Amino acid sequence: MGNGILGVSMGLTGGNLIHGAAESDEQVDFFIHGYKKLFTLFGQDVYLTTTHISMIVVIASIVVFAVCANIAVKKADSGKVPGPFLNFVELIVEMLDGMVASSMGSKKAVRFRNYVGSLFIFILLCNLSGLLGLRPPTADYGVTFPLAVMTWVLIQFNGFKYQKFGKIKGLFEPIFFFFPMNLISEFATPVSMSLRLFGNILSGTVMTGLVYGLLPKVLTLIWPAALHAYLDVFSGAIQTYVFCMLTMCFVSDAIGEEA
């Protein structure tokens with residue numbers, strides 16, 4: 001297990017990808033693998049990894065779905081009767097709009113529903129990619145941390161935009177000596193958000209890899225289906241919702257009361 005953690009952590013740094021225990025036991029595989037060396041940057045080899053391939057599949061799926069949805073909407077605008085696919089698209093949009101409006105209020109939701117909706121769809125598909133035999137991109141800290149940083153930038157931008165100097169004043173409340181703690185709390189937000197998503201998805205990936213590696217091949221065709229239902233579908237959906245809910249709460253709190 002120690003070798004597994006070492007393999008994952010080394011893979012996340014962008015250095016030489018280490019397969020660790022996977023080389024001694026090919027059945028146990030929950031590591032980040034490098035398939036092809038792309039180039040060398042600052043003395044470090046950059047590879048096309050498992051994470052990149054999974055993200056390409058996820059992004060390609062989103063693009064294809066978006067193009068098909070756009071075509072369906074144009075057909076409906078031209079007077080044709082909406083089909084089941086367009087009804088499904090409208091259902092997704094209404095659910096995401098409702099989720100954002102219920103958490104941020106109708107006025108704020110108009111400004112942030114596109115961002116939160118895109119974040120929700122991307123993270124959910126990343127978490128569900130394990131059902132296709134891929135290694136979830138969100139099991140790589142190099143994916144979850146940038147997502148959390150984008151949210152953090154959005155939080156800070158809206159905080160200074162709406163609170164102005166009140167944002168800086170809040171760092172010294174309730175008394176001046178709380179400034180270091182409040183400052184650390186601000187910078188801890190992206191770390192805590194990214195680690196929560198990363199840790200939960202990675203633990204599910206490790207557990208699934210161990211089950212497939214330790215069970216006979218005959219049993220892996222049936223029993224792990226229940227494991228995927230929990231670790232990929234249920235847990236993946238919950239972690240997606242939690243990440244987006246924290247995003248909405250932090251941004252809404254940074255904006256403050258409606259004008």
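**Disulfides, a helix pair and a loop residue**

A search of the whole structure, a predicted model, finds zero disulfides.

Reader: Is Cys244 buried or exposed?
Author: The cut-off for buried is under 20% relative accessible area. Cys244 has a relative accessible area of 0%. Cys244 is therefore buried.

Reader: Which class of accessibility fits Cys68?
Author: Buried ends at 20%, and exposed begins over 50%. Cys68 has a relative accessible area of 36%, so it falls in between. Cys68 is partly exposed.

Reader: At what angle do the axes of helix α5 and helix α7 cross?
Author: Two packed helices are described by the angle between their axes and the distance between the axes. Helix α5 covers residues 141–163, and helix α7 covers residues 179–214. Their axes come within 8 Å. The crossing is right-handed, and its angle is roughly 145 degrees.

Reader: How many nonpolar residues are in the contact of α5 with α7?
Author: On the α5 side, the residues include Phe145, Val149, Trp152 and Ile155. On the α7 side, they include Phe187, Leu195 and Phe198. By class, the contact has five polar residues, one charged and, in answer, 13 nonpolar.

Reader: Which residue has a positive phi although it is not a glycine?
Author: Look in the loop between β1 (34–41) and β2 (44–49). The residue there has a phi of about 55 degrees. It is Phe42.

Reader: Is Phe42 buried or exposed?
Author: Exposed means over 50% relative accessible area. Phe42 has 79% relative accessibility. Phe42 therefore counts as exposed.

Terms used:
Residues numbered from 1 in each chain as written. Predicted model: local features only at pLDDT ≥ 70, side-chain atom pairs only at ≥ 80, totals over all residues. Heavy atoms only, no water. Axes fitted to C-alpha atoms, helices over the stretch in contact; angles between N-to-C directions. Helix = DSSP H or I, 4+ residues; strand = E, 2+ residues; numbered from the N terminus. Left-handed = near helix turned anticlockwise from the far one by under 90°. Contact = heavy atoms within 4.5 Å. Nonpolar A, V, L, I, M, F, W, Y, C, P; charged D, E, K, R; others polar. Buried < 20%, exposed > 50% of the residue type's maximum accessible area, 1.4 Å probe, protein only. Disulfide = S-S within 2.5 Å.
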